[in-house]
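Work through the following exercises with the sequence and the coordinates at hand. Each task is followed by a solution that proceeds step by step.

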Amino acid sequence: MKVIKAANYDELSRKAAQIIASVVWNNPRSVLGLATGSTPIGTYKELVRMNKEGDLDFSQVTTVNLDEYAGLDPANDQSYRYFMNDNLFNHINIDKNNTHVPNGLAADLAAEGARYDAFIDSLGGTDIQLLGIGHDGHIGFNEPDDVFYKATHEVKLDAMTIKANARFFASEEQVPRRAITMGMWAIMQSKKILLIASGDDKRDIVERSINGPVTPKVPASILQCHRDVTVIYTY
Ligand code: PGA
């Protein structure tokens, strides 16, 4: 595991964007695993800048996102599809048909999970997976549990996650209680993993994830078992 301390959020964002860009420079047909949340916003801004300045071409890139709320329409401005369009896809030369987010409106979320995993498999997996980390150690919406879930699956969000995400909604009551998330298979098969964490409130969970025991009680700790992980943090 490569652990990099950034001087501040802007430096974290630049470094993360450079790592993602280098994957695309190496292979213009890359498959990028992407994440939502406040942490990657600066990284996406940097990727947009590189694209606008002509240094990074997304025309042949495919993306797959980690997760989506259950029951939110993609047009809802709190959906993760909306977030991705708004923060990245609307501003770069990517073909939207090549951008994928789990369908949170699927009547059968288990079937949607199986479809999503089979689709990622058909792409040959992701070349890089970008991850944020929750205060409870979640990656995607894999919340602390007794086991690591392998497949893309439906989850019930933790009270801590609902509270943390309430800042994006008019009230805590409006935060969806369920979501669909990539499981550990789709995350861990990525050729490269990039985890970004910003803020003093993430210090403890990042330390536990990279130095503590590998346990589903700290979902991000599974990353210790992957051969190519970079963690960039600032706090
Ligand atoms: P944040 O979320 O980037 O908004 O802190 C991270 C996450 O919950 O994965």
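**Exercise 1. Find the salt-bridge partner of D146, and state where the two residues lie and how accessible they are.**

Step 1. D146 forms a salt bridge with K217, and the closest N and O atoms are 2.6 Å apart; a salt bridge here is a side-chain nitrogen of Lys or Arg within 4 Å of a carboxyl oxygen of Asp or Glu.
Step 2. D146 sits in the loop between β6 and β7, whereas K217 belongs to the loop between α7 (203–211) and β10 (229–234), so the pair ties together parts that are 71 residues apart in sequence. Helices (H or I, at least four residues) and strands (E, at least two) are DSSP runs, numbered from the N terminus.
Step 3. D146 is exposed, with a relative accessible area of 59%, while K217 is partly exposed at 46%; buried means under 20% relative accessible area, exposed over 50%, and partly exposed in between, with a 1.4 Å probe and protein chains only.

The model is predicted, so local features need pLDDT of at least 70 and side-chain atom pairs count only at pLDDT 80 or more, whereas totals for chains, interfaces and linings use all residues. Residues are numbered from 1 along each chain as its sequence is written, and side-chain values use heavy atoms, with hydrogens and water left out.

**Exercise 2. Describe the salt bridges of D127 and of D200, and state how many salt bridges are counted in total.**

Step 1. The side chains of D127 and K191 meet in a salt bridge with an N to O distance of 3.2 Å. This pair links distant parts of the chain, 64 residues apart, with D127 in the loop between α4 (109–122) and β6 (128–131) and K191 in the loop between α6 (184–188) and β9 (193–198).
Step 2. D127 is buried, its relative accessible area being 15%, whereas K191 counts as partly exposed at 48%.
Step 3. D200 and R203 also meet through their side chains in a salt bridge, at 2.8 Å from N to O; D200 is exposed at 52%, and R203 is partly exposed at 38%.
Step 4. Salt bridges that share partners also join E46, R49 and E53 into one network.
Step 5. The count by this rule comes to 11 salt bridges.

**Exercise 3. Characterise the packing of helix α2 against helix α3.**

Step 1. Two packed helices are described by the angle between their axes and the distance between the axes.
Step 2. The axes of α2 (residues 41–52) and α3 (residues 80–87) come within 10 Å and cross at roughly 40°. Axes are lines fitted to C-alpha atoms, for helices over the stretch in contact, and angles run from 0 to 180 degrees between N-to-C directions.
Step 3. The crossing makes α2 oblique to α3, given that angles under 35 degrees count as roughly parallel, over 145 as roughly antiparallel, 65 to 115 as roughly perpendicular and the rest as oblique.
Step 4. I41, Y44 and V48 in α2 meet F83, M84 and N87 in α3, where contact means heavy atoms within 4.5 Å.

**Exercise 4. Which residues does L66 touch, and is L66 buried or exposed?**

Step 1. L66 is found in the loop between β3 (62–65) and β4 (67–69).
Step 2. L66 is buried, with a relative accessible area of 3%.
Step 3. Not counting residues up to four places away in sequence, L66 touches L34, A35, P102, Q129, L130, L131, G140, I180, T181, M182 and I187.

**Exercise 5. Lay out the open sheet that contains β4, and find the strands at its edges.**

Step 1. Three strands form this open sheet in the order β4-β8-β7, with antiparallel pairing; two strands pair if DSSP finds at least two bridges between them.
Step 2. β4 and β7 (153–156) stand at the edges with a single partner strand each, so one side of each is left without a neighbour in the sheet.
Step 3. β7 and β8 (residues 178–181) pair in the antiparallel sense over four bridges, and K156 stands opposite R178 in β8.

**Exercise 6. State how many residues of β10 are buried, and identify its partner strands.**

Step 1. Six of the six residues of β10 are buried.
Step 2. V229, V231 and Y233 point one way from β10, and T230, I232 and T234 point the other way.
Step 3. β1 (residues 2–5) pairs with β10 in the parallel sense over four bridges, with T230 as the bridge partner of K2.
Step 4. Six bridges join β9 to β10, which run parallel, and I196 has I232 as its bridge partner in β10.
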